[in-house]
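Here are some questions about how the terms for this structure are earned. Each answer sets a value against its cut-off.

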Amino acid sequence: MNLWRSAVRPVIRGTGLVAVVAGTIAVVTGLALPWTLAGSRHLDGVTIAGIVFLGPLLSGLCVAYARTEPRRFRLTAAVAAVAGLAATLVAIGLARLVEPSAGVGLGGPVTVAGAAAATLGWLLILTGGPGALPGSARPWLTIAATALVLVVVAGFAVDYAREGRFVDATTAGDPPSAGGDQTWPLPYVGVQLVGVHEQLAIVRAEDGVRAIWLASGAIAWRYLRSDLPTQTAGLVNGTVVVAFGTDDGVLVTALDAGSGQVRFSERYTAGKMASVHGAGRTVVLAGSGIGAGDLLGIDATTGTLLWRWTPARNGGPCDITDLATTAETVAVALRCRAQGVDDVAVGLTATTGAERWSWHTIQRSTAELRVYATGDGFVTVTGASPRRAVYMSADTGTVGTRHDAAGALAVPTAGGLLLYAEPSGERAHLTAVDVRTGAVKWDVGLPGLGSYQPLAGTAAGDKAYILWRGPDGRLRLIGARTTDGGSTEDRTIACTTRCPEVALAATAAHAVVTTREDKGTELFLSVT
């Protein structure tokens with residue numbers, strides 16, 4: 001008993017005092033900090049005064065009173081502990097009122113952690129009872145170690161309150177063993193096929209993204225949020241970039257495509273995003289159509305905002321109709337209406353967002369301007385019938401060879417070819433055009449597709465894939481070598497109904513097709 005009084009109790013009293021002081025500082029700091037990220041909103045003055053009275057002010061009064069009336073030490077400590085608990089409960093209630101879509105600022109969680117620490121401190125002081133503080137250095141080392149543990153625990157609690165409670169994330173384990181072909185299609189919660197990375201297909205749903213093993217159909221990893229809906233996602237150089245909608249912009253989270261590990265997660269003030277693109281080491285986020293808002297250029301490694309560009313001409317905003325990128329240039333297709341209809345393509349420097357060049361066209365139809373990246377240049381396509389294609393340098397915008405687009409669907413390749421898929425009752429065909437010279441490199445007929453319409457296309461390595469739909473809703477995936485147009489694939493893709501929404505992505509080894517009902521929340525995924 002004497003050992004308890006002489007050695008342990010002073011340590012408990014010292015720890016309690018440190019907790020009270022640290023908690024009081026944290027409460028004051030938390031009340032000074034914003035409680036929301038959107039708008040940097042703070043508590044009103046009356047509420048701040050109430051928490052200050054229950055927490056720091058009463059604690060200070062109790063310390064002063066205990067020094068003058070040591071006989072009532074335990075009662076004073078108990079009153080301070082009850083007041084601290086009340087402050088903690090009030091702070092918790094107010095912090096829970098913060099809308100997750102507005103972003104939970106540091107203010108609320110820090111205030112709660114500080115009030116809880118102060119309450120714990122008074123309980124420790126009550127347990128230690130009246131008496132002196134430790135007089136030697138060794139007990140204070142113990143107190144300091146305990147205080148450090150409390151700070152670390154509080155840090156984890158604050159982080160959980162702000163982000164952790166909303167996130168459901170896993171990382172990928174070992175890939176499945178070879179063998180045992182999967183029967184496709186398989187249904188997954190999702191609204192967008194983001195892309196294919198090595199042996200994984202990435203799909204976006206309203207609540208986040210999931211990666212699926214192509215070999216087994218099992219979920220490899222996931223990153224889901226319960227507080228924010230997704231707007232779009234993209235696959236950029238092995239990184240899955242997801243844009244979540246917030247009250248005043250977007251939360252952009254970058255994940256390693258192979259493992260699902262978070263690389264960065266940052267908020268930006270912006271409008272609604274419709275697409276994600278990669279331009280070298282820059283991630284470009286863009287809206288679409290009327291009221292598209294600013295484009296954002298973000299460092300793909302750190303998440304630092306590099307630039308912001310507003311699509312506007314002649315004193316008015318412009319619609320974004322298309323966007324394509326090379327490693328150094330972002331080409332944005334615009335329709336501007338401030339002074340009549342003006343279709344223009346603008347080239348931006350990928351690292352700074354500075355305008356490098358612009359190209360105007362006069363359209364004689366309502367067809368929107370399209371732009372494609374082909375090798376080290378861009379091709380713009382205008383008009384409806386005929387459709388005109390123009391090659392231009394990515395660096396300077398210098399116009400090169402023009403040619404007539406040879407099909408309704410254009411598919412760019414990395415080697416400087418533009419593939420055109422053209423439906424026809426007499427001869428559906430696939431044509432490859434060298435964009436630098438305008439010469440047709442090859443043209444192949446596609447027997448049996450006379451009544452089919454091309455829906456989507458992509459190229460990977462030396463292969464191109466075109467997805468076609470028949471009048472009865474059936475889908476056919478046609479593969480061809482980009483070198484000579486030779487057939488590599490011809491298969492039917494199962495579809496539950498007419499499947500109005502389809503998407504296609506590919507690597508050198510696999511093609512992935514997804515189908516979705518109109519406004520559905522489930523994707524049906526097929527893998528070649």
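Q: What makes the charged end of Arg 476 count as sitting over the ring of Tyr 452?
A: A charge sits over a ring if NZ of Lys or CZ of Arg is within 6 Å of the ring centre and within 35 degrees of the ring normal. The charged end of Arg 476 is 5.7 Å from the centre of the Tyr 452 ring, so the distance fits. Arg 225 likewise lies over the face of Phe 244, at 5.9 Å from the ring centre.

This is a predicted model: local features need pLDDT of at least 70, side-chain atom pairs count only at pLDDT 80 or more, and totals for chains, interfaces and linings use all residues. Residues are numbered from 1 along each chain as its sequence is written, and side-chain values use heavy atoms, without hydrogens and water.

Q: Why is the aromatic pair of Trp 357 and Phe 378 called tilted?
A: Rings of Phe, Tyr and Trp (its six-membered ring) pair if their centres lie within 6.5 Å; planes under 30 degrees apart count as stacked, over 60 as edge-to-face and the rest as tilted. A search of the whole structure finds two aromatic pairs. In the pair of Trp 357 and Phe 378, the centres are 6.3 Å apart and the planes meet at 55°, so the pair is tilted. Trp 357 is in strand E19 and Phe 378 in strand E21 (strands are DSSP runs of at least two residues, numbered from the N terminus).

Q: Why does Trp 357 count as buried?
A: Buried means under 20% relative accessible area, exposed over 50%, partly exposed in between (1.4 Å probe, protein chains only). Trp 357 has 7% relative accessibility, so Trp 357 is buried. Phe 378 is buried too, at 0%.

Technical notes: Helices (H or I, at least four residues) and strands (E, at least two) are DSSP runs, numbered from the N terminus.
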